[in-house]
Every structure is written in structure tokens, then in C-alpha cells.
Amino acid sequence: MGIYVIRMPDIGEGIAEVELVAWHVQPGDVVAEDQPIADVMTDKATVEIPAHVPGKVLSVGGAVGRVLAVGAELVRLEVEGEGNLKEGASSLPLPLGEGGGEGRPAVGTQVDKAAEASPHPAPLPEEEGVNQGQKTAQADAHQARAATHSIAQPTRTAIARAPGERPLASPAVRRLAQDRGIDLRYVHGSGPAGQIRHEDLEAYAASGGQPKAQGSSQYVQRHGEEQIPVIGLRRRIAQKMQEAKRRIPHFSYVEEIDVTELEQLRQRLNQLHGATRGKLTLLPFLARAMVLALRDFPQINARYDDEAGTVTRYEAVHLGIATQTDAGLMVPVLRHAESLDLWQCAAAIARVAEGARTGKAAREELSDSTITLTSLGPLGGIASTPVINHPEVAIVGVNRMVQRPMFASNGQVVARQLMNLSSSFDHRVVDGMDAARFIQAMRALLETPALLFVE
């Protein structure tokens with residue numbers, strides 16, 4: 001039997017390091033060739049890393065949230081034959097020129113904290129060739145992770161059941177809890193099916209659950225805390241938003257749009273062609289209006305390199321579609337939106353959004369947008385202040401459509417479908433007057449939808 005070390009491969013495009021976002025194997029697992037072993041995240045996409053050879057997993061290369069350089073050790077396997085790690089060789093990653101990259105195990109304090117806070121710390125490697133200093137450092141790190149792990153565990157006082165869920169307890173326990181003023185919803189049950197026992201009640205009171213004093217509030221104090229490491233896509237979002245707000249002087253502009261005719265047209269088109277061409281939402285109409293309006297405002301379909309001091313304007317509209325995924329906000333890109341009709345645009349939006357939600361979007365579908373459209377759908381509220389997708393210079397947000405009474409030209413009160421557009425602009429590049437004119441141009445197109453089809 002031999003030892004085979006799988007290292008972080010070079011996944012191209014000049015990427016020097018990645019972040020571990022998921023493990024598919026753990027020590028003791030037996031893996032087959034090409035079986036996925038881990039997911040790693042680059043600046044733009046999540047990539048699945050397969051096993052090169054079959055074998056038994058001896059160790060994994062760090063906790064989720066850790067940053068690994070290309071060439072760093074990812075997984076160590078016990079394999080048939082000699083493997084690729086000679087006896088007595090160091091467990092540290094290979095240096096450049098010996099089959100891997102630089103091999104830095106982690107970068108920065110932030111990375112170390114994320115790794116330490118993981119609920120599944122990686123086992124320390126135990127093999128020959130590790131000197132005493134390394135063993136001491138590894139033991140310290142292990143203890144630090146264990147300490148952080150213990151802090152992150154929910155306490156008994158943090159137990160909270162779902163609304164309407166009745167805690168399982170005997171009449172005697174309920175009577176005792178009532179006498180002590182303890183709310184059983186917050187008591188951990190160690191019995192069958194979570195049944196609360198007398199000892200659970202005593203443990204709850206001893207660990208911080210305070211009984212209600214006579215005459216005091218009926219509501220129970222809560223003292224639980226939970227530390228959530230910011231890793232993976234959540235960390236990328238945090239960094240990108242902070243960078244955008246730090247570097248871009250935003251200003252926002254909100255305008256109300258009467259979309260009554262547009263909504264009637266959308267429903268009519270869906271009745272006529274929905275079965276054969278697919279259903280239309282409002283997004284393709286908004287994208288079409290944006291594409292047409294941008295023809296007269298090239299300074300808004302642009303990216304600003306503030307370090308080089310250059311603004312690049314684009315004839316093509318590579319439209320970012322802000323998309324909420326289970327992991328967080330992503331912005332897949334609709335390339336050449338200016339060349340798509342309504343149904344092509346609808347299909348392309350659905351495709352890139354689905355790719356983002358399932359983690360299957362190609363790298364080129366997650367980069368190089370020139371302007372972004374964002375919508376919270378029915379939760380869009382009245383107005384919002386969207387953050388510009390750096391280094392773009394504008395973003396258009398769509399708020400909730402509502403029906404409200406309005407005065408017609410003859411003075412009669414009529415019901416109309418209204419919706420706000422909330423947009424943000426980079427004031428270094430876009431003047432307020434130009435931003436207002438751009439949104440008014442979109443308004444004119446959306447309120448007279450026939451214009452969307454006039455070239």
C-alpha cells in the first residue's frame with residue numbers, strides 16, 4: 001500500500017488560490033476514480049474537484065472556509081501500489097517546480113479564523129517527517145479550533161421550537177415548569193423524541209434559564225449566542241459590496257412608472273404565444289427598455305477603472321441579472337442583450353438564473369457585465385437603494401408592482417398598475433441630469449410599450 005496526495009490543481013485563468021466551500025469525503029471514506037472530493041470557489045464560480053485515483057481517505061486538507069493555493073495538499077489517500085508520496089517525505093505542500101504551486105496553506109488572519117471556526121476541523125496529519133515544531137503548532141491550532149467549536153455550540157438556553165410546536169413533557173414536568181415560571185419551549189429535551197425530563201428542567205435552570213418571578217413579565221429572557229463564520233460566497237459578497245460602497249460615490253434616483261398597458265400587453269402575449277414560446281415576465285420588457293434607452297446614454301453602459309483613470313463605454317449590453325441563490329446573491333450575465341427579442345431574452349434570463357442557482361453557471365456567464373438589473377419581485381417594496389456592481393457605473397432596481405387609483409385626463413378616478421424604478425449611479429461618471437433623463441427614457445418606453453418594438 002502507498003500514500004497518494006491529491007493537490008489543488010491549476011484550474012486556469014491565472015487563478016492562484018481558491019477557497020474550500022464543501023467536502024464530499026471525510027477520513028475513512030473509500031473513493032473511486034473521478035469521484036468528487038471537494039468543491040472550491042474562485043472569484044467567479046464554484047468548481048468540483050474529482051479524485052485522480054481510487055483509495056481510502058486518510059486526511060483532508062483543511063476546514064471549509066480555508067484558502068488553498070494551487071498545488072497545496074487537498075486530500076491524502078491510501079492506495080494500492082506505491083502512491084506518489086515517498087516514505088519520510090514532508091506532509092507540507094510541494095514547492096513550485098515539484099508538481100504543484102506555491103503551496104501556501106492559508107492566506108491572512110481572516111482565513112485562519114474561518115478555518116478555526118469550522119464545525120468540522122480537519123484531523124492533524126500523523127506521519128513520519130513532521131518535526132516537533134510542526135507538531136506543536138498543529139496541536140495549538142487543533143486546541144484553538146476545539147475551543148472555537150465549543151463556543152459555537154448552541155446552549156440549552158438557545159433551544160427554540162417552531163411556532164405552534166408543543167414541547168413533549170409529562171404532566172408532572174409541566175406542573176413543575178409552571179411553578180417555576182419556565183417556558184418549556186426553550187428547554188432541551190433529552191428523552192425519547194425530545195421529551196423533556198425533570199433533569200432537563202434542572203439543567204436549563206442551572207445553565208442560565210431563569211424562572212419567572214412572581215408579578216414579572218410572562219416572557220422569558222434568551223441568552224443564546226451563535227457565531228457564524230463568513231465563508232464561501234457570503235464572504236465574496238461581503239468583500240464585493242464593501243469594495244463597491246468604499247470606492248463608488250453612489251447617488252440614487254427613484255421614478256414611478258405606469259405599467260398598466262405593459263402588463264396588459266404581457267398577459268395578451270402570454271395568452272397568444274405562452275404555450276409555444278414560453279411565458280413572459282416583466283424582466284424581458286425592462287431589459288428591452290434599458291437596451292433601447294442606453295443607445296442615447298453610452299456613458300451609463302460603462303465600466304470605470306478608477307486606478308487607471310479610464311472609463312470604457314460599450315456598444316454591446318452585457319446585462320447583469322442580480323439573482324438570489326441559496327448561497328447568496330450572484331449576478332449572471334446576459335450577453336449581448338441588445339440582440340435578443342423578448343422571448344429570447346426571457347429564455348436567456350431563465351437559463352443564466354437557473355445556472356447561478358444550481359451552481360452550474362459557466363465562468364464566462366458570471367463576469368464582465370456592463371450594467372445590472374435587479375429585482376426582488378413581489379418583495380420589491382416601494383423604493384430601494386441598490387449597490388452598483390463594481391466596476392460598472394449604474395444599476396437599475398425594480399420595485400413591487402401595485403394597483404392604485406389615479407386621476408385620468410378627464411378627471412375620472414381609474415385603477416392603474418404602478419411600479420417604481422430605483423436606480424443608483426456612480427457620480428464620478430454619471431451626472432444627475434443624465435441619470436434622470438435615462439430613467440425617463442425607460443419610463444417613456446415602458447408606458448408606451450409599442451415603442452419597444454420600433455427600431
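Two strands count as paired if DSSP finds at least two bridges between them, and the strands themselves (E, at least two residues) are, like the helices (H or I, at least four), DSSP runs numbered from the N terminus. The model is predicted, with local features needing pLDDT of at least 70 and side-chain atom pairs counting only at pLDDT 80 or more, while totals for chains, interfaces and linings use all residues. Residues are numbered from 1 along each chain as its sequence is written, and side-chain values use heavy atoms, with hydrogens and water left out.

**Exercise 1.** Work out how strand β2 and β7 pair, and place them in their sheet.

*Solution.* Begin with the pair itself: β2 (residues 17–23) and β7 run antiparallel and are joined over three bridges, with V18 standing opposite L68 in β7. Next, widen the view to the open sheet of four strands, where the order is β5-β4-β2-β7 and the pairing is antiparallel. Because β5 (46–50) and β7 (67–69) stand at the edges with a single partner strand each, one side of each has no neighbour in the sheet. Neighbouring strands of this sheet are turned by 45° against each other on average, direction ignored; axes here are lines fitted to C-alpha atoms, for helices over the stretch in contact, and angles run from 0 to 180 degrees between N-to-C directions. Finally, add the helix that packs on the sheet: α5 (residues 232–247) touches β2, β4 (36–41) and β7, and its direction makes about 140° with that of β2, where contact means heavy atoms within 4.5 Å.

**Exercise 2.** Determine which residues of helix α4 are buried and where around the axis they lie.

*Solution.* Buried means under 20% relative accessible area, exposed over 50%, and partly exposed in between, with a 1.4 Å probe and protein chains only. By this criterion, the buried residues of α4 (residues 198–206) are D200, L201 and Y204. They lie on the same side of α4, because they cover an arc of only 100° around the axis, the arc being that of the directions from the helix axis to the C-beta atoms. As a last step, look for the cover over these buried residues, which includes α3 (171–180).

**Exercise 3.** Is R288 buried or exposed, and which residues is it in contact with?

*Solution.* First locate R288, which lies in helix α7 (residues 282–294). Its relative accessible area is 13%, so R288 is buried. Then, leaving aside neighbours within four places in sequence, list the contacts of R288: E338, L340, L342, L452 and E455. For the wider setting, buried residues make up 41% of the 455 residues in the protein chain.
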